[in-house]
There are 2 protein chains.
Amino acid sequence: MPRRTLPTAEDQAARFVRQREADRKATAEDYVELIADLLREEGEARAVDLARRMGVSQATVTATVGRLQRDGLVETKPYRGLFLTAAGTALAAEAKARHDLVVRFLIAVGLDAGTAEQDAEGIEHHASDKALTAFARFLSERGDTT
Amino acid sequence: MPRRTLPTAEDQAARFVRQREADRKATAEDYVELIADLLREEGEARAVDLARRMGVSQATVTATVGRLQRDGLVETKPYRGLFLTAAGTALAAEAKARHDLVVRFLIAVGLDAGTAEQDAEGIEHHASDKALTAFARFLSERGDTT
DNA sequence: AACACTTCTTAGCCTAGACTAACTTTCGGA
DNA sequence: TCCGAAAGTTAGTCTAGGCTAAGAAGTGTT
Ligand SMILES: [Mn+2]
Ligand SMILES: [Mn+2]
Ligand SMILES: [Mn+2]
Ligand SMILES: [Mn+2]
């Protein structure tokens, strides 16, 4: 059993602080990932479709996209969809790589595809680079080439 | 490569909706888990210590604990610490079991203990029961009895 | 018993992220 | 061409979760 003893207050605080940082980035990651997916698969990424796929109102998308624009990740051409800046494209690629790795890993470890997709949607934002490396190593040791 | 094709809008929306639900529960889980740990290890759980260990101001703890009280998880005796209700105790036990499982699993998969603790702090809130079952199975197949 | 220190609360502020309702703008088909 | 449906924006509201600054309330030590 781990956690026999409490970590120091400083260590524990640092963990929670970093975790809250990851939480704050999660929305941006999910949005740019979705926008990139839509651009690739559908040719365009409309705010309406984001709303539908995020399970959120259009007004929420407008507000969120506003923040993404403010943060230099997204550009909009009203009535002709959303686009990613260079930074947005890079973040989307990173998010997608992470997402796919986590999904493959969860499946390799015994999860069904549906649950893997569900859980990955949250877990992806909290897996450090070290964790991703470990996941990748695990997959390659299994000869997983999915 | 997974995600060759997009999920249906409904499926994808359901995932994000459930993920947001998990996010909303995360703070409560972390607080009651910490309170339980402090009660067990230190004999009492003071708001100051929570603030220190959560990496947050005391005012934030007051506000958050207020919500936990409203939600029937915590009771307070001013100047003598925080206590868990039956519901709070149950949630804490669940959270701790999940936390420890995730940590052990991440270590088994190749992570160092420090990173495992860090990542578990976020991942624990997004691992479904199915995932936890898979993690446990993985550990037992490895003969892991940590 | 008094006072300093610690603990806790209050007040006031902020941002993200969500909602509904109402409105405006554009697009496409008749 | 024009007009209804679709797309998008705006306004107003809410909660969670943060913060600082200031003050109140216990606690313990002398
Ligand atoms: Mn996600
Ligand atoms: Mn994702
Ligand atoms: Mn946690
Ligand atoms: Mn935890």
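**Entry 1: the metal sites of chain B**

I began with the manganese ion (ligand 4), whose donors follow the spacing E-x65-H-x21-E-x2-E along the chain; I took as donors the N, O and S atoms within 2.8 Å of the metal (3.2 Å for Na, K and Ca), and since water is not among the atoms, sites may look incomplete. I note that this is a predicted model, in which local features need pLDDT of at least 70 and side-chain atom pairs count only at pLDDT 80 or more, while totals for chains, interfaces and linings use all residues. For the bookkeeping, residues are numbered from 1 along each chain as its sequence is written, chains are lettered from A and ligands numbered from 1 in the order in which they are written, and side-chain values use heavy atoms, with hydrogens and water left out.

Looking up the coordinating atoms of the manganese ion (ligand 4), I found B:E33 (OE), B:H99 (ND1), B:E121 (OE), B:E124 (OE) and B:E124 (OE), at 2.3 to 2.6 Å. The pair B:E33, in helix α1 (residues 9–42) of chain B, and B:E121, in helix α5 (residues 113–123) of chain B, links parts of the chain that are 88 residues apart; helices (H or I, at least four residues) and strands (E, at least two) are DSSP runs, numbered from the N terminus. Both B:E33 and B:E121 are buried, where buried means under 20% relative accessible area, exposed over 50% and partly exposed in between, with a 1.4 Å probe and protein chains only.

I then turned to the manganese ion (ligand 3), which is held at 2.0 to 2.2 Å by B:D30 (OD), B:E121 (O), B:E121 (OE), B:E124 (OE) and B:H125 (NE2), with its donors following the spacing D-x90-E-x2-E-H along the chain. B:E121 bridges this ion and the manganese ion (ligand 4), and the two ions lie 3.6 Å apart. B:H125, like B:E121, is buried.

**Entry 2: the metal sites of chain A**

For the manganese ion (ligand 2), I read off coordination by A:E33 (OE), A:H99 (ND1), A:E121 (OE), A:E124 (OE) and A:E124 (OE), at 2.3 to 2.6 Å. The manganese ion (ligand 1) is 3.5 Å away from the manganese ion (ligand 2), and A:E121 coordinates both. I noted that A:H99 lies in helix α4 (residues 86–108) and A:E121 in helix α5 (residues 113–123) of chain A, so this pair ties together parts that are 22 residues apart in sequence. A:H99 and A:E121 are both buried.

**Entry 3: chain A as a whole**

I listed six helices and two strands in chain A, running α-α-α-β-β-α-α-α from the N terminus on. Its C-alpha atoms fill a box of roughly 55 × 40 × 25 Å along the principal axes, and of its 146 residues 49% are buried. Among contacts (heavy atoms within 4.5 Å) between residues at least 6 apart in sequence, 53% join residues at least 24 apart in chain A.

**Entry 4: how the copies are related**

After a least-squares superposition on the C-alpha atoms of residues with pLDDT of at least 70 in both copies, I found that a rotation of 180 degrees with 0.0 Å of shift along its axis brings chain B onto chain A (RMSD 0.0 Å). That is the relation of a two-fold axis. Within chain B, the C-alpha nearest the axis belongs to B:I123, at 2.6 Å from it. Of the interface residues of chain B, 98% are also interface residues in chain A, so the copies meet through the same surface.

**Entry 5: residues across the interface**

I looked up A:I123, which lies in helix α5 of chain A and counts as buried at 3% relative accessibility. Not counting residues up to four places away in sequence, A:I123 touches A:V102, A:L106, B:I123, B:H126 and B:A127.

A:Q19, in helix α1 of chain A, is buried with a relative accessible area of 7%. With the same exclusion of residues up to four places away in sequence, A:Q19 touches A:H126, B:D30, B:Q118, B:E121, B:G122 and B:H125; among these, B:D30, B:E121 and B:H125 also appear in the coordination of the manganese ion (ligand 3).

Last, I checked helix α2 (residues 47–54) of chain B, where B:L50, B:A51, B:R53 and B:M54 are buried. The buried residues of α2(B) pack against α1 (9–42) of chain A, together with α1, α3 (58–70) and β2 (82–84) of chain B. B:G55, which follows α2(B), has a positive phi, near 75 degrees.
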